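Please open the structure in your viewer and keep the selection panel at hand. The tour below goes from one selection to the next and says what is to be found at each stop.

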Amino acid sequence: MSLPILVSLVALQNSFIIANKEKEKHEMEKIEHRIIPVNGLNIHVAELGQGPLVLFLHGFPELWYSWRHQIQYLAAQGYRAVAPDLRGYGDTTGAPVEDPSKFTIFHMVGDLIALLDVIEPDAGKVFVVGHDWGASIAWHLCLYRPDKVKALVNLGVAFFPRSPEMNPVDMFRSLYGDDHYICRFQEPGDIEAEFAQIGTKEVLKNFFAFRTPGPYYFPKGKGFGSSADKPTWLSEEDLEYYAKKFEQTGFSGGVNYYRVFGRNWELNAPWSGAQVNVPTKYIVGELDPTYHIPGTKEFIHKGGFQKYVPLLKEVVVIEGAAHFINQERPAEINQHIYDFLKQF
């Protein structure tokens with residue numbers, strides 16, 4: 001191939017990349033943002049589209065922005081896609097981040113019920129899509145208020161029945177020891193101080209880049225051990241957006257969700273043995289650490305999951321994908337969500 005032709009091809013490719021980025025920017029600008037005062041908070045929501053409402057719930061360390069691909073796709077398919085910054089995150093304000101007791105699962109579900117009463121007061125039921133902590137909140141929304149949910153798509157975190165013998169923090173400590181990240185997150189201010197030394201952008205990059213199908217350790221004083229490369233699915237602009245928001249809020253809000261694991265376990269005693277009776281599709285990355293917790297695969301694939309989620313319609317394992325699958329594999333996840341929701 002001659003040099004002039006090669007130069008022309010490179011120029012053409014660069015033009016395509018620039019045009020694609022401009023198109024993505026234009027599409028993102030269509031997303032509407034507003035603040036809704038409910039349940040003692042000012043909840044920031046991002047939304048796009050008209051039609052049946054799909055409520056997207058993000059995880060840690062994420063924001064509404066984690067659903068940017070799904071918001072645009074579902075809106076284009078005739079849905080109203082709504083993604084809030086959850087309590088303690090992003091542009092949602094009013095949560096007392098210095099008080100972890102205000103971050104129980106009941107506070108989270110209460111926020112969503114109050115939000116739905118404002119943004120969709122006449123709707124009997126809505127669609128819900130959750131990931132990570134958002135998936136856990138979605139399971140409990142369906143557990144407490146199945147009358148509010150038409151169908152559920154959850155990513156990453158499966159539903160597990162409450163163990164009467166041991167709270168989750170003690171369980172993780174018994175499995176993995178004190179250096180496991182959930183154990184390290186328990187002491188208020190401790191992990192925040194380490195994150196401050198590492199730097200917000202570096203912390204986020206390392207979390208997003210984690211692809212080891214096993215436990216996540218964070219030994220005291222040793223940080224992440226090394227600096228990971230930014231994952232290919234996350235642009236520099238994406239990382240900058242996350243970093244800017246977490247620079248503003250800090251990490252305490254998100255970490256508080258882990259600090260009430262034990263309290264949630266206590267409060268959920270009345271729901272021991274209860275089932276989630278909402279039509280559900282579950283999707284997990286093959287390399288997701290949550291999928292490799294001892295006993296999890298057997299529970300999901302050998303009848304335990306179906307027992308406690310009797311309307312479970314489908315389990316999908318995305319080959320070669322890690323934890324943040326809605327961002328890593330947006331086209332696949334978009335299609336999986338749409339194919340399930342259109343049945344209702």
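**A pair of helices**

Begin with helices H7 and H10, where H7 passes H10 in a right-handed crossing. When you select residues 190-198 for H7 and residues 252-259 for H10, you will see the two helices packed at an angle of about 145 degrees, with their axes 10 Å apart. To look at the contact itself, show the side chains of Asp 190, Ile 191 and Glu 192 on H7, together with those of Ser 252, Val 255 and Arg 259 on H10. Please keep in mind, here and at every later stop, that this is a predicted model.

**The sheet**

Now select the strands, which form an open sheet of 8 with mixed pairing, in the order S1-S2-S4-S3-S5-S6-S7-S8. Strand S1 (32-38) and strand S8 (312-318) stand at the edges, and because each has a single partner strand, one side of each is left without a neighbour in the sheet. If you look along the sheet, the twist from one strand to the next averages 20 degrees.

For an antiparallel pair, select strand S2 (residues 41-48) and S4, which are joined over 4 bridges; within this pair, Ala 46 of S2 stands opposite Ala 83 in S4.

**Strand S6 and its surroundings**

Next, select strand S6, residues 149-155, which is mostly covered, since 6 of its 7 residues are buried. Strand S5 (residues 126-131) runs parallel to S6 and is joined to it by 6 bridges, and Val 126 is found opposite Val 149 in S6. Following the chain from S5, you pass through helix H4 (residues 133-144) before reaching S6, and this β-α-β crossover is right-handed. S6 also runs parallel to strand S7 (residues 280-285), to which 4 bridges join it, and there Leu 155 has Ile 283 as its bridge partner.

With these strands still shown, add two helices. H4 lies across strand S3 (53-57), S5, S6 and S7, and runs at about 150 degrees to S6, while helix H15 (residues 330-341) lies across S3, S5, S6, S7 and S8, running at about 155 degrees to S6.

**The nonpolar core**

In soluble globular proteins, nonpolar side chains tend to be buried together. The largest nonpolar core here has 107 residues, and those with the most contacts inside it include Phe 56, Val 128, Ile 137 and Phe 305. H3 gives the most to this core, with 9 residues. Centre the view on Phe 305 and, setting aside residues up to four places away in sequence, you will find that it touches, among others, Trp 139, Phe 159, Tyr 282 and Leu 312.

**Two residues in one loop**

Finally, turn to the loop between S4 and H3 and select Asp 85. Is Asp 85 buried or exposed? Its relative accessible area is 2%, so Asp 85 is buried. Apart from neighbours within four places in sequence, Asp 85 is in contact with residues including His 44, His 58, Trp 64 and Asp 91. The C-alpha atoms of Asp 85 and Glu 62 are 8.6 Å apart, although 23 residues separate the two in sequence.

Thr 93 is placed in the loop between strand S4 (80-84) and helix H3 (105-119), and with a relative accessible area of 42% it is partly exposed. Beyond residues up to four places away in sequence, Thr 93 touches Leu 41 and Asn 42, and its C-alpha atom is separated by 9.2 Å from that of Gly 40, 53 residues apart along the chain.

Key:
Residues are numbered from 1 along each chain as its sequence is written. This is a predicted model: local features need pLDDT of at least 70, side-chain atom pairs count only at pLDDT 80 or more; totals for chains, interfaces and linings use all residues. Side-chain values use heavy atoms; hydrogens and water are left out. Buried means under 20% relative accessible area, exposed over 50%, partly exposed in between (1.4 Å probe, protein chains only). Two strands pair if DSSP finds at least two bridges between them. A crossover is right-handed if, with the strands pointing away from the viewer, the path from the first strand over the helix to the second runs clockwise. Contact means heavy atoms within 4.5 Å. Axes are lines fitted to C-alpha atoms, for helices over the stretch in contact, and angles run from 0 to 180 degrees between N-to-C directions. A nonpolar core is a set of buried Ala, Val, Leu, Ile, Met, Phe, Trp, Tyr and Cys residues joined through side-chain atoms within 4.5 Å. A crossing is left-handed if the near helix is turned anticlockwise from the far one by less than a right angle, and right-handed if clockwise.
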